[in-house]
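Could you walk me through this structure in my viewer, one selection at a time? I would like to know what to pick next and what I will find there.

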Amino acid sequence: MAILNFTLSEEGVAVFHDSLSCMFKFSDDVCLEARKDKLTLTTLNSSKSAYICFSFSAPRFFSRYQFEGNAQYRERFFCQLYNKSLLSVFRTRQGGDQARDGSATIERCDVTIDDGPGKKSRLVAKIACRNGITASHSLSFEIKAPTHAKFDKTEAQNRWTISSRTLRQLMDHFGPGIELLDINTDDETRVVNFTCFTEKVQKRGANANEAVLKKPLHTNIAVEMDEFDDVQVEDKLHIIISVKDFRAILQHAQITSGELATWYSNPARPMKLSYGGDGILCEFVLMTVGEKDAMSQKHKNPRPNAAKAARPELDSVSHRDSSVTNETRQAQASAPKPPQQKTPIRPRQPQFEIRPQPMPPPASMRSDSLFVGQADDDQLWEPVNPGEDEDEGDNARLEWRATDEPVM
Amino acid sequence: MRFRTDLKNIRTFSKLTAALNSLERIAWLRLDDDTVRFTVIPDTGSQVWASLSAELIFDNYHLQSAEANNTINLELPLGPLQRALKSASGSNQANLRLTKRDGVPMLSMTIHTMTKDGAQDTRSGGGGQFGGGGGRGHARVSGHGYDEDLDPFDDAAELFPQESLELTMKREREKVITQDIPVRVLHPDSVELIMQPKVREPDVYIQLPPLLQLKAISDRFTKLALTTATTGGTRAAGASQNPKLELSANMHGSLRLRLVTETLDITSVWDKLENPELDPAQLIVPMNEHPSTIFKDAGANKWATVRVDGKDWSRVLSVGRLEGRVIACFTDEHALILYVYVPHFDDSSSEDVVTYYVTSYST
């Protein structure tokens, strides 16, 4: 008897895939934790500044769910998987809306996990497609206890809730090249401000003047407090998080038209965001940037290394199971923090790496046909092969004359 | 130095910015009491002079400087401007002003806007699956009545989840978005020497066919040239160079686009195009001595030809998004100028022209 058996419906597969691809934006690995009543996926990014936890309710989310356990894993089973291989299993073969009717759509997916003495430690996913094809994927995993970020809700006295859809649309106003999002409130004008900026310092020198023009757009969005539910925030408190993380979260938050709730306390302390869907609860704990780092932005002469805003690591807790294997003990021992750790250790200041914003997809002609498409499509106006720098040919270029002399 | 204005015709402004941005990242903006002029001069590639009447894109336009006509010269990045205008499209109201933040000059765009589907925003978890907002709204309002008296529609009431009045009363609010575009204020002396190019009287005037069509075919030619350049092993030396397209026009309504490589020679011809009449009052030479008259008299086989860089030409043609009439002026073996007339949606009589000085190459 396998330790864990569950079946995902067509929609379940899509939601599962969305969850994994959201996590993939933070880390390459994903931890799976199964209990009788729920399945949990968690991940922690490499700089330990962002933690994601998706809980899937066993009776509500899955078409079938059976946690058997065994002598070793009576209460819960956990393992760590390589997200990329998981993603490819659940990826629908055809992209876009066509997939809805496409015959290669995954109709259902049966997942079995087995482990134990004398058994092969494998996650086996059997995919049944609409067109009758079935595929079986066998993935190996590592037995590793998940690391959970600790978040103390009693400490987080600041909170607000807003429609995730509204927040998502607001993010569309932020341009490329920005790194940090400052969320602050003003009691006087009764607004919550979302300010995007970057601390990246342009190289000074001969071209200092031109560098000024290379700064990204500085965007501020003021949202009336009345549009929030349950706003309770200390006046003028600035809390700063990574735009990239926030974008990734809101991208995923599209699965719900419901509310997104946040809790936070002070700079350099964690912030929690959460929203729920049908049978799924999504929680994120992000470490916020320290105030000192944020202040440097205000100075006229920012430090050259200010681009790397330091964010302390999240505190983590790890449950020790009574019946963990040797392997697990090793894994736990090598875990970043001992599980019993109660008091937060002095936060190290890892270099919080900010990856560059993805560039917009290269513009190209939709079709190679000579026939001309709809004029409404703005992409059609994009130049052919942009971005490729032109090389000066051997041909002499005719220069424009910018003089008043008549040319004949 | 002051500059403050409300924005109008944001769509046109945004399309112009996009067209300029495909050629160069940074533009020189010259503002004075009547005119707004964008100039883009790439290191290599075609240059653009877009001269617009202020009322085309601005409203309540206030300008003040120590220069004549209150001229202000700015240098600004087009990407951020385009991004800011995208935020402003569909807004209730937007304005632009020159300001300073942390001592750095900025063009600050303030936008009052709503989120798109705020009105239909169902505030229950997973509520998105249920149909339109209208039907749900009705169920909510009548919901309370069903609770009190036993209603024959009682069963139906369960189908429509009831929400508290407080939540449904929560209205979508206007958001205020501020987009700060970094700018550089230019000293008048530094721009004094930048002059619009002067060219001799053209040989051929012709109205171009729909630009989307012309662009699609030009791009196709350019791609073909790139493909043949990379597949032909012997052309390794030529592969590094951008393909050149040959453009010709005559005074009898024809435009010809041609690509010649070692392995292929393709031509597209448009006929029955218009050769617009010149206004004799504007000419410095008598009409019968004008080069275009000479070309016209020489017949349909007399072509004025220029060679353009395929990729640069593609960037130039992106001005088609402005949906204006485009007149091309050919000076045989010498130059190509495009005049793009910006369409007006109100009945102002002012003429707004975007002039492209297309980079051309000798054989």
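Here is a tour in stops, beginning with chain A and ending in chain B.

**Stop 1: chain A as a whole**

Before you select anything, keep in mind that this is a predicted model. Now show chain A as a cartoon: it contains eight helices and 21 strands. If you colour its 408 residues by burial, 38% of them come out as buried. For a contact map, take the pairs with a separation of 6 or more; residues 24 or more positions apart make up 67% of those contacts in chain A.

**Stop 2: the five-stranded sheet**

Select E5, E1, E7, E8 and E9 of chain A, and you have an open, antiparallel sheet in the order E5-E1-E7-E8-E9. Which strands stand at the edges? They are E5 (64-67) and E9 (134-140) of chain A; each has a single partner strand, so one side of each lacks a neighbour in the sheet. Looking across the strands, you should see a twist that averages 15 degrees from one to the next.

Zoom in on E1(A), residues 4-9, which runs antiparallel to E5(A) and is joined to it by four bridges. To find your place in this pairing, label A:Asn5 and then A:Gln66, which stands opposite in E5(A).

**Stop 3: the nine-stranded sheet**

Next, bring up another open sheet of chain A, with nine strands in the order E6-E2-E3-E4-E19-E18-E17-E11-E15 and antiparallel pairing. Its edges are E6 (77-82) and E15 (229-232) of chain A, and because each has a single partner strand, one side of each is without a neighbour in the sheet. Here the twist averages 20 degrees from one strand to the next.

Within this sheet, pick E4 (residues 50-57) and E19 (residues 280-287) of chain A, which pair in the antiparallel sense over seven bridges. A good pair to label is A:Cys53 and its bridge partner in E19(A), A:Glu283.

**Stop 4: the helices lying across the sheets**

Select H1(A), residues 10-24. On the five-stranded sheet, H1(A) lies across E1 and E7 (106-114) of chain A, at about 105 degrees to E1(A). H1(A) also lies across E2 (29-34), E3 (38-44), E4 and E19 of chain A, running at about 20 degrees to E3(A).

Then move to H4(A), residues 164-171. What does this helix lie across? Beneath your selection you will find E11 (158-163), E17 (259-264) and E18 (270-277) of chain A, with H4(A) at about 90 degrees to E11(A).

**Stop 5: two domains of chain A**

Colour chain A by its domain assignment: domain 1 covers 4-149 + 317-333, and domain 2 covers 158-263 + 288-313. Where they meet, eight residues of domain 1 are in contact with seven residues of domain 2. H1(A) gives the largest share of the domain 1 side, with three residues. By type, the residues on that side are four nonpolar, one polar and three charged.

**Stop 6: the largest nonpolar core**

This core has 164 residues, and those touching the most other members are A:Leu181, B:Leu20, B:Ile181, B:Ala328, B:Leu336 and B:Tyr356. Show A:Leu181 as spheres and look at what surrounds this residue: leaving out residues up to four places away in sequence, A:Leu181 touches A:Phe194, A:Cys196, A:Ile240, A:Ile241, A:Val243 and A:Phe246. As background, nonpolar side chains tend to be buried together in soluble globular proteins.

**Stop 7: a helix, a loop and three strands in chain B**

Switch to chain B and select H3(B), residues 78-88. How many of its eleven residues are buried? The count is ten, including B:Leu81, B:Gln82 and B:Arg83. Just after H3(B), check the backbone of B:Gly90, which has a positive phi of about 80 degrees.

For a contrast, go to B:Pro280, in the loop between E14 (265-270) and H9 (291-297) of chain B. Is this proline buried or exposed? B:Pro280 is exposed, because it has just 11 other C-beta atoms within 10 Å, and 12 or fewer counts as exposed.

Finish at E18(B), residues 353-358. Five bridges join E18(B) to the antiparallel strand E4(B), residues 47-53, and six bridges pair E18(B) with E17(B), residues 335-341, also in the antiparallel sense. Centre your view on B:Thr355: B:Trp49 is its bridge partner from E4(B), and B:Tyr339 stands opposite B:Thr355 as well.

Definitions and conventions. Residues are numbered from 1 along each chain as its sequence is written. Chains are lettered from A and ligands numbered from 1 in the order in which they are written. This is a predicted model: local features need pLDDT of at least 70, side-chain atom pairs count only at pLDDT 80 or more; totals for chains, interfaces and linings use all residues. Helices (H or I, at least four residues) and strands (E, at least two) are DSSP runs, numbered from the N terminus. A residue is buried if 20 or more other C-beta atoms lie within 10 Å of its own, exposed if 12 or fewer, and partly exposed in between; C-beta atoms are placed from the backbone. Two residues are in contact if their C-beta atoms, placed from the backbone, lie within 7 Å. Two strands pair if DSSP finds at least two bridges between them. Axes are lines fitted to C-alpha atoms, for helices over the stretch in contact, and angles run from 0 to 180 degrees between N-to-C directions. A nonpolar core is a set of buried Ala, Val, Leu, Ile, Met, Phe, Trp, Tyr and Cys residues joined through C-beta atoms within 7 Å. Domain bounds come from an automatic or database domain assignment. Ala, Val, Leu, Ile, Met, Phe, Trp, Tyr, Cys and Pro count as nonpolar, Asp, Glu, Lys and Arg as charged, and the others, Gly among them, as polar.
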